[in-house]
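Student: Could you take me closely through one part of this model, and then follow the chain's other packed and unusual places from there? I would like each term explained when it comes up.

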Amino acid sequence: MSLGYEEAVGSLHAIDPAWPRPAVLDVLEAPENRHLLDFVQEDPFGAHVFPGNVPGSPAEFLRDLDAQLASPSGPIHLWSYIPTCAYRCRFCQYPVVLVKGKIEKAADWVDLNIAEARLWLDAVPHLAGAEVGEFNVFGGTPSLLPEPEIRRLLEFYRAHFGFTDRTTIRFEGDPSTFTPAKLELLRELGCTKLSSGVQSFDDHVLELCGREHTAQMCVDFVRNATAAGFEWVSIDLMYGLLDQTLDSVRRDLDVVLENEVTAVVCTKLHLASYSDTRTGVTGEKPAAWQLPSYRDKLVRDGHRWPTLGEQYQMRELLTEGLRAAGYTEHPTMYFARDGLGPEKWKSIMVDQDKQEAEVAIGLGGSSSCRASEAITDVNSRRYPETVLSGRIPLGSATRFTPEAQAARAVKMALTTLQPLRDSLHSARFPGRSLFAEPWLGKFRSLASRGLVRLRPGVVELTPAGEVLVEAIITTEL
């Protein structure tokens, strides 16, 4: 996957002449930004996990989390991760468990998830009383669950965690699995938000990805969910996919706007392992597309991967098209219509005035508090053994020094694309300022390269800085 520097610059210059040339290409090809080009050309997954900087243990993480929840704080974000999938997409490197043809096995993962949740409640005494801001049932494909299992899972969490009338419940799934009966059940159980990995409205692109749904199924999902009364219907779109073109991405945007989709998450295809930079959680097996031999065979068979330049054209097409239609980006590449954003669960974790705890229950979950973070075991055989033995299956944990806590707060806040306010930073970290070292030199360097603007008491990303925010926080901060 990795390109040499000259090859990467050449890939930047290779654009579709029918579409505008993104201004960010000038920034990326500048010699002083070579490290940023090195980062983006590797296709890493940026800014979703913020690892600690000193060794820690699961027991320390659980104590840190409980201490934070014992003090006055805002609502937390709670995950229930159900790893079941009918099949594995060719770009997927998440920890998933295939249950096609044996859907009854999905119930086992509900049993395990509930059992693990009980362990968390026992180990973190203040967790049960912490207000839940948003509860997300993610995957995997939790919408594969039979209706009785969906009911059992949601009713357990509502009964045992701090749900209030302000808590929002969100459920994720494949477009083809949200049957009318499941939509009706989810509404009955208080779910107001749905999220689906559409990825593309181009049947050819979907087929190459290994997706087993069609573009029409995706449209039907959006329309059926809206008609059923869900107030938030979110879809994921990907760009940089095999054989994808600018015209194809333009059609994706047209379908989104025609159907007035509430929210859209736009994601670049990532083929480097998330574990390389510890910016995401990866499963035990690589994605099919990560295998060089397979990628090379696809090219020999006449398929084509978009160049770096085309990928940035695709990104610009989506971002400018969504903004022109009234969507707001907050955080990076998360778009919500008509001022309905930001994404609540992301805002809880990363907005500068919040940055509350997240607890992720299930295989490969990523949990964090201000002092430390932990990732649940991704091994689908070891995880059940650990849960059934009565132990929370945290696979790793790291802690943050005081300096790292301040750095993490800045990095998370930058991903929101909102201005950083020194007053908020100084209030949370007394004696520290964004306009003193170690930050002042870093921000002056970014400003000299046109990536941030410095105003009295405020640090703000430029348009180029917004596009490259994940590269900036990973390589420079």
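Tutor: Strand β6 (residues 168-173) is largely enclosed by the rest of the structure, because six of its six residues are buried, where buried means under 20% relative accessible area, exposed means over 50% and partly exposed lies in between, with a 1.4 Å probe and protein chains only. The burial holds for both faces of β6, since Thr168, Arg170 and Glu172 are buried on one side, and Ile169, Phe171 and Gly173 are buried on the other. This is a predicted model, in which local features need pLDDT of at least 70 and side-chain atom pairs count only at pLDDT 80 or more, while totals for chains, interfaces and linings use all residues. Residues are numbered from 1 along each chain as its sequence is written, and side-chain values use heavy atoms, with hydrogens and water left out. Strands are DSSP runs of E with at least two residues and helices are runs of H or I with at least four, both numbered from the N terminus.

The neighbour to look for beside β6 is strand β5 (residues 132-139), which pairs with β6 in the parallel sense over four bridges; two strands pair if DSSP finds at least two bridges between them. One such bridge links glutamate 134 with threonine 168 in β6.

A second place to look at strands is an open sheet of three, ordered β16-β18-β17 and paired in the antiparallel sense. Its edges are β16 (420-421) and β17 (452-455), and because each has a single partner strand, one side of each is left without a neighbour in the sheet. Helix α17 (residues 439-448) packs on this sheet and touches β16, β17 and β18, with a direction at about 120° to that of β17; touching, or contact, means heavy atoms within 4.5 Å. Between β16 and strand β18 (residues 458-461) there are two bridges, and leucine 420 stands opposite valine 459 in β18.

Turning to helices, α6 (residues 147-160) and α7 (residues 180-188) pack with their axes 10 Å apart and at an angle of about 15°, where axes are lines fitted to C-alpha atoms, for helices over the stretch in contact, and angles run from 0 to 180 degrees between N-to-C directions. The two helices α6 and α7 are therefore roughly parallel to each other, a label for angles under 35 degrees, with over 145 counted as roughly antiparallel, 65 to 115 as roughly perpendicular and the rest as oblique. Their crossing is right-handed, meaning that the near helix is turned clockwise from the far one by less than a right angle, whereas anticlockwise would be left-handed. On the α6 side the contact uses Glu147, Ile150, Arg151 and Leu154, and on the α7 side Ala181, Lys182, Leu185, Leu186 and Glu188. These contact residues of α6 and α7 comprise five nonpolar, no polar and four charged, with Ala, Val, Leu, Ile, Met, Phe, Trp, Tyr, Cys and Pro taken as nonpolar, Asp, Glu, Lys and Arg as charged, and the others, Gly among them, as polar.

Helix α12 (residues 308-324) takes part in two packings. With α1 (residues 5-13), the axes come within 5 Å and cross at roughly 45°, which makes α1 oblique to α12. Here Ala8, Ser11 and Leu12 in α1 meet Leu308, Gly309 and Tyr312 in α12, a group with four nonpolar residues, two polar and no charged. With α10, the angle is about 20° and the axes are 10 Å apart, so α10 is roughly parallel to α12.

Some backbone details deserve a careful look, given that most residues other than glycine have a negative phi, and most peptide bonds are trans. A cis peptide bond, with omega about 5°, joins histidine 330 to proline 331, and proline 331 is in the loop between β10 (327-329) and β11 (334-337). Another cis bond joins glycine 341 and proline 342, again with omega about 5°, and proline 342 lies in the loop between β11 and α13 (344-350). Glutamine 355, although not a glycine, has a positive phi of about 55°, sits in the loop between α13 and β12 (358-361), and is buried at a relative accessible area of 3%. Glutamate 260 also has a positive phi, about 50°, but glutamate 260 counts as exposed, at 52% relative accessibility.
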